[in-house]
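Student: Could we go through this model together, one question at a time?
Tutor: Sure, here it is.

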Amino acid sequence: MIGTKKKPIQEVLEALEGYQKVGIVGCDGCGKTCATGGSEQVEEMAKMLKERGKRVVFDLAPNTTCNLNNIRSFFTGLEGAIKKSEALLVLGCGGAVQVVRQLTEEYGYTIPVKSGLDTVGHMDTIIPGEFLLEQCRECGQCVLNSTGGICPVTKCAKSLLNGPCGGSQDGKCEVDSNRNCAWILIYERMKAIGEVGKLNDYLGPKDHSKAARPRTLYVKTGEVL
Amino acid sequence: MKLSDRFRKGEFVITSEVAPMKGCVRNGAIPGFLEEARKVAPQVHAVNVTDNQSALMRLGSLAASVYLQRDGIEAIYQITCRDRNRIALQSDLLSACSLGIENVLCLTGDHIKLGDHQQAKTVFDIDSVQLLAIANGLNKGHDMVGNRLSAPTDLCLGAVANPNFEPLDLQLIKMEKKAKAGAEFFQTQAVYDPKIFESFVKKARDFGVPLQYGIVIIKSPEMAKYVNDHVSGIKVPDSLIKEIDSVPTQERKEKAIEITVRLIKEIGPMVQGVHFMPVGWSDVIPEIISRINV
């Protein structure tokens with residue numbers, strides 16, 4: 001899932017300055033989970049914009065706004081409303097904003113598509129409605145088989161591959177005393193599953209070319225270029 | 001002279017540490033780090049030069065190390081993985097060797113969040129074990145992707161270990177990897193409990209790499225508490241805080257010397273050297289060394 005947080009309202013208003021008629025597109029997928037772009041937040045945003053004198057042409061939250069096919073069918077019949085809008089405000093991840101922008105281009109509309117959220121990473125739900133955690137950095141070279149299913153690239157603040165730094169205190173990370181040292185978690189997990197001996201293996205430097213952005217995934221061949 | 005040569009000869013290797021300042025060396029002024037190094041130089045074998053320690057932006061450790069070398073003081077150039085990718089790190093190691101550096105200490109580096117440029121991008125392209133392996137490759141005449149160097153580096157590679165780390169076995173796993181990657185000596189994080197050090201040494205000596213006991217000079221109760229609260233990986237016991245607090249300010253240097261000498265007398269026989277981190281009190285180091293009779 002893609003984590004998002006709300007932009008400060010002032011920033012949203014600045015982005016919409018000069019655009020009176022606004023269409024709001026949320027996301028009832030990840031945006032709903034993060035309580036930033038679901039139907040409920042779309043309604044709140046519509047209310048807030050109206051209070052500040054904007055005219056909200058439509059406000060909707062497709063199921064997964066990052067999926068072009070999905071919103072293409074969702075938007076069918078809405079062409080008129082989009083056409084009436086001077087700008088669209090997307091309450092979704094950075095991907096959703098760009099997919100909506102692409103759709104408006106397909107429709108031949110050159111209206112600006114603005115973002116109401118900041119995207120903060122690939123997140124996993126740990127406690128629904130409360131607590132999400134970044135556990136994967138999409139490095140393109142997964143090491144989880146060597147680290148007990150706990151990612152040091154993401155969960156160690158220094159992305160260390162060969163063991164902990166010397167900074168851990170009372171089992172916590174030197175960067176955040178509320179967070180467990182990822183390498184201690186890995187060590188305990190590897191002990192529990194009987195693989196602790198594997199931690200003696202040297203892991204070489206990562207091939208960062210596998211994470212060189214932007215990456216393209218060719219679904220039919222499985223190639224990532 | 002390389003520290004590895006001294007260890008090989010069976011010398012008890014003594015080193016101290018200086019930190020470059022935030023600013024340049026200009027107009028012939030003698031920089032503070034050089035003054036500090038001069039205070040200890042006659043009694044120590046080499047002086048570490050920290051690399052933007054605690055992620056505070058300072059004069060570079062390579063430039064400061066070269067200043068020491070030119071002054072006739074053997075430098076241990078500290079290099080961390082925090083701010084440079086693999087190209088920059090290898091290039092800096094070639095530069096270090098070209099500028100006459102013989103000893104390098106390879107570290108991970110404190111996180112940017114502990115420093116004064118918290119908005120900076122962290123690099124950590126490679127880790128300290130990989131850095132040692134790469135530096136070892138440069139000594140053998142090739143870069144990390146296998147390209148030959150016109151001349152190999154000739155650097156003695158040092159590493160660090162933290163005996164305070166719990167679980168200790170996890171720290172030892174990494175330490176063994178560093179030894180296998182090419183570490184020729186280890187300097188430890190500051191330890192104030194000889195029992196902790198003893199259980200560490202019992203296992204760490206199996207790696208066959210010389211160890212230097214690391215100690216930060218405890219200057220005052222306030223400083224000790226600061227270290228406990230802000231310096232990760234060190235724990236100053238309450239008993240030592242009380243001890244330094246038991247004397248008036250003007251007697252603190254003498255008390256610091258007494259505490260340090262006592263610890264080295266207890267821990268020294270377990271190791272092949274000692275590494276002082278005087279945190280500005282380099283003037284007490286010669287007296288400590290004279291009292292430990294090495």
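**Around a helix of chain B**

Tutor: Let's start with α5 of chain B: its buried residues pack against α4 (86-98), β4 (103-107), β5 (156-161) and α6 (168-181) of that chain. This is a predicted model, where local features need pLDDT of at least 70, side-chain atom pairs count only at pLDDT 80 or more, and totals for chains, interfaces and linings use all residues. Residues are numbered from 1 along each chain as its sequence is written, with chains lettered from A and ligands numbered from 1 in the order in which they are written.

Student: How many of the 12 residues of α5(B) are buried?
Tutor: Buried means 20 or more other C-beta atoms within 10 Å of the residue's own, exposed means 12 or fewer, partly exposed is in between, and C-beta atoms are placed from the backbone. Helices (H or I, at least four residues) and strands (E, at least two) are DSSP runs, numbered from the N terminus. Leu131(B), Leu132(B) and Ile134(B) are among the buried ones. For this mostly covered helix the count is 10.

Student: What span should helix α5 (residues 128-139) of chain B have?
Tutor: The expected span is 1.5 Å times one less than the number of residues. The end C-alpha atoms of α5(B) are 16 Å apart, which agrees with the span that its 12 residues should have, 16 Å.

Student: Which element gives the largest share of the largest nonpolar core?
Tutor: A nonpolar core is a set of buried Ala, Val, Leu, Ile, Met, Phe, Trp, Tyr and Cys residues joined through C-beta atoms within 7 Å. Of the 88 residues in the largest one, Val47(B), Val104(B), Cys106(B), Leu132(B) and Ala135(B) touch the most other members. The largest share, 7 residues, comes from α5(B).

Student: How many residues are in the second, separate core?
Tutor: Look to chain A for some of its members. Ile24(A), Ala61(A), Cys66(A) and Val99(A) are included in this core, whose size is 33 residues.

Student: Which residue of β3(B) does Val49(B) stand opposite?
Tutor: Strands pair if DSSP finds at least two bridges between them. Strand β2 (residues 46-49) of chain B and β3(B) pair in the parallel sense over 3 bridges. Ala75(B), Tyr77(B) and Ile79(B) point one way from β3(B), and Ile76(B), Gln78(B) and Thr80(B) the other way, all of them buried. The residue opposite Val49(B) is Tyr77(B).

Student: And which residue of β5(B) does Leu105(B) stand opposite?
Tutor: β4(B) and β5(B) also pair in the parallel sense, over 3 bridges. From β5(B), Cys156(B), Gly158(B) and Val160(B) point one way while Leu157(B), Ala159(B) and Ala161(B) point the other, and all are buried. Leu105(B) stands opposite Gly158(B).

Student: Over in chain A, is Leu16(A) buried or exposed?
Tutor: Leu16(A) sits in the loop between α1 (9-15) and β2 (21-25) of chain A. Contact means C-beta atoms, placed from the backbone, within 7 Å; not counting residues up to four places away in sequence, Leu16(A) touches Val22(A), Lys54(A), Ala87(A), Leu89(A) and Lys114(A). With 20 other C-beta atoms within 10 Å, Leu16(A) is buried.

Student: How far apart do the C-alpha centres of domain 1 and domain 2 of chain A lie?
Tutor: The bounds come from an automatic or database domain assignment, which divides chain A into domain 1 (2-121) and domain 2 (138-218). The distance between their C-alpha centres is 36 Å.

Definitions and conventions:
Contact = placed C-beta atoms within 7 Å.
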